[in-house]
Structure formats: C-alpha cells, structure tokens
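I opened this structure to see how its parts fit together. These are my notes, in the order I looked things up.

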Amino acid sequence: MVIELLTFQVAEHERHEWLRVEEDVWSRFLEQQDGFVRKEMWIEEGDDTTIHAVIWWNSMEQWKAIGPD
C-alpha cells in the first residue's frame, strides 16, 4: 500500500465549488483505475485555503501507471 499526497491552494470563496468539481471529475476517474483504494480530502487546520488530497493505492506501480493525460 502506498499513499499519494497532493496539496492545493484554493481561495476560501471557491472551496465549496472546487471540492464539488474535484469529486465529480477526479474522484470518478480514480475509481476506475486499477489499484485505487480510496481518497480523502483534508482541509488544513487553521488554514482554510490549503486542501490535501490523500489517495491510497495498492502499489506504486499502479499509481504511476496513471498517464499525464
């Protein structure tokens, strides 16, 4: 099991819409990928503009099989 951690800066007034689109687009894409386990979005405590995507994969090879497109 490997964990991918991505960090995004999102303006507070755009956060709700950004999270909605992220869920509708990126989460649906990831769910179709071999080796994807789960994903959680964490808002930084004390900094509402920092959002972390925490993504669990079965293996590094499956994670890295996702192409840049």
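I began with the contacts of Ile55, taking contact as heavy atoms within 4.5 Å. Beyond its neighbours within four places in sequence, Ile55 touches Val2, Ile3, Glu4, Leu6, Trp26, Leu30, Phe36, Arg38 and Lys39.

I noted the ground rules. This is a predicted model, where local features need pLDDT of at least 70, side-chain atom pairs count only at pLDDT 80 or more, and totals for chains, interfaces and linings use all residues. Residues are numbered from 1 along each chain as its sequence is written, and side-chain values use heavy atoms, with hydrogens and water left out.

Next I looked up the largest nonpolar core (buried Ala, Val, Leu, Ile, Met, Phe, Trp, Tyr and Cys residues joined through side-chain atoms within 4.5 Å; buried means under 20% relative accessible area, exposed over 50%, partly exposed in between, with a 1.4 Å probe and protein chains only). Its seven residues are Val2, Leu30, Phe36, Ala53, Ile55, Trp57 and Trp63. Strand β3 gives the largest share, three residues.

I then checked how β3 pairs. Strands β2 (residues 36-43) and β3 (residues 50-57) run antiparallel, with seven bridges. I took strands as DSSP E runs of at least two residues and helices as H or I runs of at least four, numbered from the N terminus; two strands pair if DSSP finds at least two bridges between them. Arg38 stands opposite Trp56 in β3.

Last came Trp26, in helix α1. Is Trp26 exposed or partly exposed? Trp26 counts as partly exposed because its relative accessible area is 34%. Leaving aside neighbours within four places in sequence, Trp26 contacts Val21, Lys39 and Ile55.
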